[in-house]
Amino acid sequence: MIRIGITGLGFMGMMHYLSYQNIKDAKVTAICEVLPERRTGDWTKIKGNFGPQGTQTDLTGINTYAELPQLLADPNVDLVDICLPPGAHAAAAVAAFNAGKHVLSEKPIALKIADADVMVAAAEKNKKLFFVGHVLPFFTAYAFVYDALKTNKYGALLGGHFNRVISDPVWLKNFYDMNFIGGPLLDLHIHDAHFIRLLFGMPKSVQSVGRLRGEVPEYFSTQFIFGNPALVVTSNSGCIFQQGRPFMANYEVHFEKATLLSDGTVLTEDGKVEQMQLPDLDEIGVFTNELTEVINSVKADRPSAILGGQLARDALAIALKEMESVQKQRAVAV
Ligand SMILES: NC(=O)c1ccc[n+]([C@@H]2O[C@H](COP(=O)([O-])OP(=O)(O)OC[C@H]3O[C@@H](n4cnc5c(N)ncnc54)[C@H](O)[C@@H]3O)[C@@H](O)[C@H]2O)c1
């Protein structure tokens, strides 16, 4: 049984808590949260832009703490699950590693590359496992591409295009603050940056164009340039200012022998158009699959190929270079 201490019982903390209930080898034994009502199980005010509304939750048998050092001193915690705002991930992760715990941090790993490097180094120094909750590969549409790559079903990858666009989240405080959330680049597009890194490896450089709000990109397009110049990989992401614009995330990925679309369409060499029935998972199911990968990795004492800290650090490095490219209006080496 892997015993989990969640720190930050907001929207994601609750999603993780609910998802752990579906994993037989995982048990939430501790919760750390600054808001007193959430420590008593009153989660009724928690609501994100997907998933269930919070309810009154019975926390019997779970130790609740107001401060992280208390949770880190709890011997009944093997893995600290950090669901704090991004600017707080690094300090919490380093403290958890130094306390001898494994760590799962929500994405993005951090807001600054120096912080991400310190987190990766602290995991290595303490010989602990480090995971970052990049959930995208566990959505069935994205798992479909990753599995095709792993099994070589359609030959080598040739490239792809990835979209992720929302209307401006005017209800979120500090959304464009580079010390708090980091705008759509670090909150949203980081998912695609991570998936691109997972599929194609590390680009040599990025060329991005975009509209800035101050120094922070609010809408941007990127060309990812790899050692193999025949790999054509692009993305489009950010906020637009018509509030009626629904959240939109999709892709088109090109393999040698097929093109895959995010709605499950497979276009093959012989001219066929096949419609795959991708499993219909709700968000709790998706997060359950992500956390199962974490729990299985801890049980086997092995890093995760999908959720590893270094990969998340690379995704942050790519995203920050895209920001620099928008600002400098030229290609930037990664
Ligand atoms: N993977 C995804 O799809 C996804 C979706 C949403 C958010 N996230 C990520 O999850 C993380 C959290 O986002 P959220 O939307 O849940 O935020 P949130 O604001 O809903 O929750 C954060 C919680 O942390 C608590 N908190 C803040 N400082 C604390 C401290 N020092 N000690 C203890 N508790 C503290 C807050 O009171 C709040 O309850 C972010 O990194 C975000 O990027 C990921």
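Where is Asn174 found? In this predicted model, Asn174 sits in the loop between β7 (157-167) and α7 (183-200). The backbone there is unusual in one respect: Asn174 has a positive phi of about 60 degrees, although the residue is not a glycine. Most residues other than glycine have a negative phi, and most peptide bonds are trans. Asn174 counts as exposed, because 12 C-beta neighbours lie inside 10 Å and the limit for exposed is 12 or fewer.

Two further backbone features belong with this one. Asp301 also is not a glycine, and its phi is positive, at about 55 degrees. The loop between α8 and α9 (309-328) holds Asp301. With 9 C-beta neighbours inside 10 Å, Asp301 counts as exposed. The other feature is a peptide bond. Lys107 and Pro108 are joined in cis, with omega at about -15 degrees. Pro108 belongs to the loop between β5 (102-106) and α5.

The overall fold comes next. The protein chain contains nine helices and 15 strands. Its radius of gyration is 20 Å, close to the 20 Å that the globule rule gives for 334 residues, so the chain is as compact as a globular protein of that length. Along the principal axes, the C-alpha atoms fill a box of roughly 60 × 45 × 45 Å. Of the 334 residues, 44% count as buried. Contacts reach far along the sequence. Among those between residues at least 6 apart, 70% join residues at least 24 apart.

The chain is divided into two domains. Domain 1 covers 2-133 + 287-305, and domain 2 covers 137-279 + 314-333. The domain centres, taken over C-alpha atoms, are separated by 26 Å. Twelve residues of domain 1 are in contact with eleven residues of domain 2. On the domain 1 side, α5 (113-125) and α8 (283-300) each supply at least two of the touching residues. By class, that side has eight nonpolar, two polar and two charged residues.

The largest nonpolar core has 91 residues. Ala93, Val103, Met119, Leu316 and Ala319 touch the most other members. Both domain 1 and domain 2 give residues to this core, so the core lies between them. For Ala319, the contacts can be listed. Leaving aside residues up to four places away in sequence, Ala319 touches Leu185, Leu186, His189, Ile190 and Ala193.

The ligand is surrounded by 24 residues. Gly8, Gly10, Phe11, Met12 and Glu106 come nearest. By class, the shell divides into 13 nonpolar, six polar and five charged residues. Helix α1 (residues 11-20) gives the most to this shell, with three residues.

Is helix α1 enclosed or open? Nine of its ten residues are buried, so α1 is largely enclosed by the rest of the structure. The buried residues are Met12, Gly13, Met14, Met15, His16, Tyr17, Leu18, Ser19 and Tyr20. Met12 is also one of the residues that come nearest to the ligand. The buried part of α1 packs against four strands and a helix, namely β1 (2-7), β2 (26-32), β4 (79-82), β5 and α8.

Two remaining sites illustrate contacts across the sequence. Pro246 lies in the loop between β10 (232-240) and β11 (248-255). Pro246 counts as exposed, with 7 C-beta neighbours inside 10 Å. Pro246 and Ile166 are 80 residues apart along the chain, yet their C-alpha atoms are separated by 6.2 Å.

The second site is Val332, in strand β15 (residues 332-333). Val332 is partly exposed, with 17 other C-beta atoms within 10 Å. From Val332 to Ser208 the C-alpha distance is 8.7 Å, and the two are 124 residues apart in sequence. Residues up to four places away in sequence aside, Val332 touches Ser205, Val206, Lys321, Glu324 and Ser325.

Definitions and conventions:
Residues are numbered from 1 along each chain as its sequence is written. This is a predicted model: local features need pLDDT of at least 70, side-chain atom pairs count only at pLDDT 80 or more; totals for chains, interfaces and linings use all residues. A residue is near a molecule or strand if its C-beta atom, placed from the backbone, lies within 6 Å of it. Ala, Val, Leu, Ile, Met, Phe, Trp, Tyr, Cys and Pro count as nonpolar, Asp, Glu, Lys and Arg as charged, and the others, Gly among them, as polar. Domain bounds come from an automatic or database domain assignment. Two residues are in contact if their C-beta atoms, placed from the backbone, lie within 7 Å. The radius of gyration is taken over C-alpha atoms; the globule rule is 2.2 Å times the number of residues to the power 0.38. A residue is buried if 20 or more other C-beta atoms lie within 10 Å of its own, exposed if 12 or fewer, and partly exposed in between; C-beta atoms are placed from the backbone. A nonpolar core is a set of buried Ala, Val, Leu, Ile, Met, Phe, Trp, Tyr and Cys residues joined through C-beta atoms within 7 Å.
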